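Colleague: Could you take me through one part of this model closely, namely how its assigned domains meet and what lies in the core behind them?

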Amino acid sequence: MIRTRPREQGEQEVQAPPKNLTRRVLTSRQTRLGLIMLLTMIVFAIVGPFLAPHSPTAVMAKPYAPPGDGLLLGADSLGRDIVSRILSGGANLTWMAIAATALGVALGTTIGLVAAFAGGIVDMLLMRVVDVLLTFPTIIMAILFISMVGPSRWILVVLVAIGLTPGMARVMRGSARPVMRREHVMWARTVGLSSRHILMREVLPSVTSPLMVEIGLRLMWSVVGLASLSFLGFGVQPPASDWGLMVSENKDGLAIQPLAVFIPAVCVALFTIGGNLFAEGAARVIGRTEGTRS
Amino acid sequence: MNAVEVTGLTVALDDGSVIVDDVSFALESGQVMGLVGESGSGKSTVALALLGFAKRGANIVGGKVVVGGVDLLALGRNELREARKKLIGFVPQDPATALNPAMRIGTQLTEGMLGGRKENLPRIREVLKAVGLPSDDAFLRRHPQELSGGQQQRVAIAMAVSKGPKLIVFDEPTTGLDVSTQARVLEMVGRLCSDNGMAAVFVSHDLAVVGAVGDLVTVMYAGQVLETGTRDEVLLTAAHPYSIALLESVPSTRQRLPLVPIPGRSPAAGAKFEGCVFADRCAYAEDRCREAVPALVTAPTGGAARCVRVEHVRQNQTCQVKEPLRRIESREEGRASVLSVRNLNASYDRTQVLFDLSFDVAPGECVGIVGESGSGKTTMSRCLIGLHESQTGVMEMDGKPLPLRLRDRSKAIKQQMQYVFQNPYGSLNPRETVATSVMVPLKHFYGDRGKAARAKAQEALERVEIPWRLADRYPAELSGGQRQRVAIARALACDPKLLICDEVTSGLDVSVQASVVELLRSLQNDGLSMVFITHDLAVVRSIGDRVVVLSQGRVVESGEVESVLSAPEHAYTRGLLADTLEVDRPDAETSEVPG
């Protein structure tokens, strides 16, 4: 029988997963694919405007002109270069989606954690407010506000963030409540650590995996939400270029010039699917290697 | 012919590491074998392998399990299932999850049997009577959640017994039960097996339980059988150093003895060894122990032990005599007590769980609070620290009034009273290193940062014997015992006057429990007062100065540990003491009555 000597005491962990969180997350094939898609789309959206051969607003040819004449993919409903419009159409969407997600997640997480920590009447009040907010469909609410105060990009960001908040608060409260009953949180209360310390240092790190998934999901929701608003005409306003807006501008010419609708739609899809794959894969990896408390 | 014969049973993980190595034993009809070992020893894997089953990631790679003349491991899938149905009963650890909550008791009892429900009912009623449960139709119509834990476990046992198998495998069936229920269940298991002529394998981590139920006892460690023999051979005259060490670490209700922990840490499942698996932690190890795997040899006492130095160990072991510990008598009487509790009442919603609790804790004293589950002991400890919301009563600390609620307590009080939780896996923040965990209260109470804090943290960790090289690890990388020590170190870093220990040893193996108990004893010698909550009278005997016995939220008896446990006055304490199982040890008879 072949046996080897035991290694040093206490160092017998069988195949410990890589310590570094990012490295561990990247061991999964799904997260790598998702991350590549997501980063490609973000880089595409940021660098795109600088690579555009023409101005996205300049009229270059006849409406729905076929490819040719220096226009690689042809022209859109107003005769503008499709390539240039696609290249510069992601920048607004990207920064607005990221800003809306950051704001919504921060707001929702704060509400959720405070509700879970305080309990009692504070919890009840916050959750009832959240319930009321949940009953407003995000898009309709955004349309209502935009119709009243006029389209502004920052108002759009805030509206989408508010739309994300209630769901986020519910999820975070749900995942923080069992953590509140954990011994290390109770210990922190017995020694009288400040609520801020308990929430930031004891509770928040223990709910990172649902938080990560939620960030991923909410980012995609805000992309879809913003693109839909643009499509409906309440988001980015013409003549600025935007993927959602392009779909709506060119939908009448779908039979003649399908690329003007398809490519922006595919861009939005790649963005959201990539982000989703990454968030879900990361959550699964974190859950597998850390969620088990052994 | 033997009813059960296991030869060379070997189980390996997918990556090839062996977790159960060459286990062999034989049982006659009606015999019960106790299989004992600490966590990670492979005892549960053996239990499952007896059913021809291995958990995901593990495979039975060799050996024979012959039950009633059938080799289970040689059967195909469907044949194996049929064979299990006829030959083997299994009683799992947790009856609450083993029974289907959506099914009536009667249905669950009959579904595993051959034949229809009607013809099996008389047999079921007979077995239910044998396990001490009602057998009328009203009982058979109940659902599992309408029964208590003890009743559920009896139903699970009845399920296993009723089909009349050749072998029953019990996987820690009494771990979640109170001592009084456990005593009754164990007595019943022994009777059922001998009456029905069934062989049984009884897996447990508790030597006393195995001693109470087993005709034979097998000790496992790191996947190997280290010692096997009859109950008396193994428990009274243990031959293997590991069995001896394990017995030394078990506390006793009869005497206040020092507990001897086993040095080092038990190996992870699947660890590889060149020689004897226990050599690294063995007091008798010599060079040849590390060269080759020792064979099971017949010990002079009659059993078989896997040790090359059996003779030597046997001779030297008898020389070890443990002196009963004397109580430290130097307490200053008349000084204000560190904590005094008067008329404490507590309730959950409208249900009152504590009634008029009163007791005192003198400086440097350890007060043991003992009670079964549901006695309110954990609620009481939460009341002391202020975490419980609805409570009334008067508490004083050092003669000054102590507010009941945490938010009314001053920072100084929070620093002087520290709480150590039962569950070592939850009491440390999983995302903070050991050193950071210990430094958090230092910064909070004393404003220490950086180097000063690290130095103090190091001091606290060294006091609980956690080497500083572990300081930058995360709790998940430590064993249960180590985590519990870190939790104690974190409490010590606050420089408390009173330590409240809530069942701190109940999640730990006996050898680890011994080391934690000895650590707490050394802290007590440094002048720390303690409230030690436990369900285990033996632990109280080994560490407590005074004891308060709780039953259903009321104090039924309190006083000096020696007098209460030697001559209990209340019927409840007497019953508890009688039901607490004890490992019979030779030195308990020879040594004098404790003073």
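Modeller: What follows goes from the domains to their contact and then into the nonpolar core. Please keep in mind throughout that this is a predicted model. In chain B, the domain assignment gives domain 1 as residues 224–326 and domain 2 as residues 358–581, and the centres of these two domains of chain B, taken over C-alpha atoms, are separated by 31 Å. To the contact between them, domain 1 of chain B contributes 15 residues and domain 2 of chain B contributes 15 residues; on the side of domain 1 of chain B that touches domain 2 of chain B, 10 residues are nonpolar, three are polar and two are charged.

The UniProt record, an unreviewed entry, divides the chain in another way, listing "domain: ABC transporter" for residues 4–247 and 339–577 of chain B. Over residues 4–247 of chain B, helix makes up 41% and strand 27%, with the end C-alpha atoms 28 Å apart, while over residues 339–577 of chain B the values are 38% helix and 26% strand, with the end C-alpha atoms 27 Å apart.

Turning to the interior, the largest nonpolar core has 258 residues, and B:L167, B:A200 and B:V531 are those with the most contacts inside it. This core draws at least three residues from each of domain 1 (224–326) and domain 2 (358–581) of chain B. If residues up to four places away in sequence are not counted, B:L167 touches B:A3, B:V4, B:L50, B:V67, B:L87, B:I88, B:M198, B:A199 and B:A200. As general background, nonpolar side chains tend to be buried together in soluble globular proteins.

Methods: Residues numbered from 1 in each chain as written. Chains lettered and ligands numbered in written order. Predicted model: local features only at pLDDT ≥ 70, side-chain atom pairs only at ≥ 80, totals over all residues. Domains from an automatic or database assignment. Contact = placed C-beta atoms within 7 Å. Nonpolar A, V, L, I, M, F, W, Y, C, P; charged D, E, K, R; others polar. UniProt positions renumbered as here; feature names shortened; annotations may be inferred. Helix = DSSP H or I, 4+ residues; strand = E, 2+ residues; numbered from the N terminus. Core = buried A, V, L, I, M, F, W, Y, C linked by C-beta atoms within 7 Å. Buried ≥ 20, exposed ≤ 12 C-beta atoms within 10 Å, placed from the backbone.
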